[in-house]
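Trainee: I would be grateful for a close look at one part of this structure, namely the aromatic residues and the polar and charged side chains around them. Please take me through that part step by step.

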Amino acid sequence: MSRKILVALGSVALALSLAACGGEGAGDDSSTSGDKPADLTIGVSMPTQTSERWIADGNSVKEKLTAKGYKVDLQYANDDIPTQSQQVDQMITQGADVLIIAAIDGTALSSQLQAAADKKIPVIAYDRLIRDSKNVDFYVSFDNYKVGVAQANALLTGLGLLKADGSKGTATGPFNIELFAGSLDDNNAHFFFSGAMDTLKPFIDAGTLKVKSGQTKIEQVAILRWQQETAQKRMEDLLTKSYNDGSKVQGVLSPYDGLSRGIITALQNAGYGSAANPMPPVTGQDAEIASVKLINDGVQNSTIFKDTRLLAEQAVIAAEAFLQDKTPTANDTKTYDNGVKVVPSYLLPVVTVYKDNIKKELIDSGYYTAEEVAAGQAK
């Protein structure tokens with residue numbers, strides 16, 4: 001075979017090889033910085049539609065992206081890990097240019113993230129850190145340790161051990177409390193619990209707070225998948241086993257409003273909530289409308305407000321930075337180690353909501369209307 005033929009065949013092989021590397025979206029090696037938004041797709045994977053919070057997050061991210069002209073593939077996985085894995089796989093094969101993922105299990109998407117990296121698709125972890133993978137490019141969330149601190153302080157305030165301004169209260173205790181934590185496969189649950197326990201520990205060590213069940217480790221108090229019914233059942237079991245001597249639960253640390261409502265139901269069924277047997281302060285998180293009504297009605301003590309509009313905005317800012325071949329701005333580059341790398345993060349502040357600041361924080365800010373709070377249902 002002549003040298004000219006060999007060269008020609010080599011050229012054809014090279015051309016075919018280059019063609020095979022090409023593809024839609026971020027799958028090829030070309031930059032997206034010059035592309036129009038209408039030609040770009042952002043895959044948004046949310047864990048479930050059973051929580052008001054995640055519906056609001058998904059809608060906020062989609063609305064903000066579509067307002068800028070991007071195509072959005074929004075999928076909910078109904079708290080099923082294989083479903084989320086399949087949905088993310090599909091987003092990748094269909095040519096997503098960026099992925100925004102709120103993981104059900106922060107350790108279950110390694111193969112999907114590797115596939116995204118192979119196609120040069122940036123991955124933004126949304127509120128829940130994705131663990132054990134080098135292929136997480138950015139993290140947008142709230143300061144989750146401080147969420148736990150705020151929840152513990154709300155409990156201490158509800159008990160009268162602290163005043164609202166953080167100064168020492170007039171109550172002395174001792175108080176019987178019980179602890180709840182989120183799902184162990186959610187990295188945030190560990191930050192929430194750590195922040196809360198670091199805050200409560202001095203009071204527990206001093207005997208001012210007593211965990212009557214003796215269950216103080218996160219493995220003992222965690223609620224798988226953050227399920228309300230599971231929290232209700234655990235509270236019922238605690239009442240049966242640890243408070244059958246006439247003693248009372250006087251405070252409950254709950255990390256999420258859905259769990260709080262289950263806990264409150266168990267307490268109400270056991271006779272709590274009357275003048276003779278008052279409802280103990282129960283904390284929460286996410287300012288879900290049903291719990292905001294309970295706070296307004298004096299049933300639930302507090303919740304932590306995480307403005308999903310701001311979180312969605314930061315996710316969009318990060319996605320646009322990647323699409324323009326830029327590095328998103330991080331305000332934390334030390335805290336969030338996912339087991340393989342420290343993921344650059346943008347953290348947002350949180351607000352503790354009690355009955356007396358519902359109007360200021362939730363109504364005046366436009367998050368809910370007064371009518372929605374009164375009804376306990378968002379339109």
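Mentor: What follows is a connected account of that part, beginning with one acidic residue and moving on to the rings.

The model is predicted. Asp 186 lies in the loop that runs between strand S6 (175–179) and helix H6 (187–205). Its relative accessibility is 4%, and because the limit for a buried residue is under 20%, Asp 186 counts as buried. Leaving aside residues up to four places away in sequence, Asp 186 touches Arg 128 and Trp 226. Each of these contacts has a polar component: the side chains of Asp 186 and Arg 128 are joined by a polar contact of 2.9 Å, and the side chain of Asp 186 makes another with the side chain of Trp 226, at 3.3 Å.

Trp 226 leads on to the aromatic pairs, of which the count is six. One of them consists of Trp 226 and Tyr 256, whose ring centres are 6.0 Å apart and whose planes stand at 90 degrees, so the pair is edge-to-face. This pair links distant parts of the chain, 30 residues apart: Trp 226 is in the loop between helix H7 (218–221) and H8, and Tyr 256 is in the loop between S8 and helix H9 (257–269). Both partners are buried, Trp 226 with a relative accessible area of 11% and Tyr 256 at 10% relative accessibility. A further pair is formed by Tyr 367 and Tyr 368; with centres 4.9 Å apart and planes at 75 degrees, this pair is also edge-to-face, because the angle is over 60 degrees. Tyr 367 and Tyr 368 are both buried. Elsewhere, ring pairs join Tyr 139, Phe 191 and Tyr 336 into a cluster.

Tyr 243 brings in the charged side chains. This residue is placed in the loop between helix H8 (228–242) and strand S8 (251–253), and it is buried, with a relative accessible area of 7%. Not counting residues up to four places away in sequence, Tyr 243 touches several residues, among them Asn 176, Ile 177 and Glu 178, as well as Lys 212 and Lys 248. The charged end of Lys 212 sits over the ring of Tyr 243, 5.3 Å from the ring centre. The charged end of Lys 248, in turn, sits over the ring of Tyr 272, at 5.4 Å from its centre. Lys 248 thus touches Tyr 243 and has its charged end over the ring of Tyr 272.

Methods. Residues are numbered from 1 along each chain as its sequence is written. This is a predicted model: local features need pLDDT of at least 70, side-chain atom pairs count only at pLDDT 80 or more; totals for chains, interfaces and linings use all residues. Side-chain values use heavy atoms; hydrogens and water are left out. Helices (H or I, at least four residues) and strands (E, at least two) are DSSP runs, numbered from the N terminus. Buried means under 20% relative accessible area, exposed over 50%, partly exposed in between (1.4 Å probe, protein chains only). A polar contact is a pair of N or O atoms within 3.5 Å; within protein, one must be able to donate a hydrogen and the other to accept it, and residues adjacent in sequence count only if both atoms are side-chain atoms. Contact means heavy atoms within 4.5 Å. Rings of Phe, Tyr and Trp (its six-membered ring) pair if their centres lie within 6.5 Å; planes under 30 degrees apart count as stacked, over 60 as edge-to-face and the rest as tilted. A charge sits over a ring if NZ of Lys or CZ of Arg is within 6 Å of the ring centre and within 35 degrees of the ring normal.
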